[in-house]
Amino acid sequence: MRFWWGNPSVGIIRDPSKLIGLSSVTIDPGQDAEVLCLTPWYPIFVNGGHECLVVEVATSTGALPNDSNFNIPNNPRAAQRNLAVVTSPTGM
């Protein structure tokens, strides 16, 4: 799996998205598993606080795609999560 962070103001594409980290798990067909990104990621306040996380999944029969677009709506091996980052008052 590849874990990405992207600023949606430029569209969710690989460049300029930033690779957060890689992780892997082996499961049998029909099973599911939680897979954690073990690389720490700290959100930053950009684009009014709207940020996106993307995860891509590889299978044993195919490599991860390397095209420029994640193509979230049509790619069954990719998922996106939108985040709203807020700032806190100083000292909190």
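Which side chains meet in a salt bridge with an N to O distance of 2.8 Å? Glu56 and Arg14 do, and the views below start from the sheet and work towards that pair. This is a predicted model, so to speak of local features a pLDDT of at least 70 is needed, side-chain atom pairs count only at pLDDT 80 or more, and totals for chains, interfaces and linings use all residues. Residues are numbered from 1 along each chain as its sequence is written, and side-chain values use heavy atoms, with hydrogens and water left out.

**View 1. Four strands make an open, antiparallel sheet.** The strand order is 2-1-3-4. Strands here are DSSP runs of E with at least two residues, numbered from the N terminus, and two of them pair if DSSP finds at least two bridges between them. At the edges sit strand 2 (18-22) and strand 4 (78-84), each pairing on one side only. On average, neighbouring strands are turned by 20° against each other, direction ignored; the axes are lines fitted to C-alpha atoms, and angles run from 0 to 180 degrees between N-to-C directions.

**View 2. Strand 1 meets strand 2.** Strand 1 (residues 2-6) runs antiparallel to strand 2, and four bridges join the two. Look for Trp4, which stands opposite Leu19 in strand 2.

**View 3. Glu56 and Arg14 form a salt bridge.** A salt bridge here is a side-chain nitrogen of Lys or Arg within 4 Å of a carboxyl oxygen of Asp or Glu. Side chains of opposite charge can pair when their charged atoms come close. For Glu56 and Arg14 the N to O distance is 2.8 Å. Glu56 lies in strand 3 and Arg14 in the loop between strand 1 and strand 2, so the pair ties together parts that are 42 residues apart in sequence. The two side chains are also joined by a polar contact of 2.8 Å (a pair of N or O atoms within 3.5 Å; within protein, one must be able to donate a hydrogen and the other to accept it, and residues adjacent in sequence count only if both atoms are side-chain atoms). Both residues are buried, with relative accessible areas of 1% for Glu56 and 11% for Arg14. Buried means under 20% relative accessible area, exposed over 50%, and partly exposed in between (1.4 Å probe, protein chains only).

**View 4. Arg2 joins Glu56 as well.** In this salt bridge the closest N and O atoms are 3.8 Å apart. Glu56 belongs to strand 3 (residues 50-56) and Arg2 to strand 1, so this pair links parts that are 54 residues apart in sequence. Arg2 counts as buried at 19% relative accessibility. A search of the whole structure finds two salt bridges. Through shared partners, salt bridges join Arg2, Arg14 and Glu56 into one network.

**View 5. Two asparagines have positive phi.** Asn47, in the loop between strand 2 and strand 3, has phi near 50° and is partly exposed at 37% relative accessibility. Asn71 is found in the loop between strand 3 and strand 4; its phi is near 55°, and with a relative accessible area of 33% Asn71 is partly exposed too.

**View 6. Cys37 and Cys52, with no disulfides to show.** A disulfide is a pair of cysteine sulfur atoms within 2.5 Å, and by this rule the count is zero. Cys37 is partly exposed, at 23% relative accessible area, whereas Cys52 is buried, at 1%.
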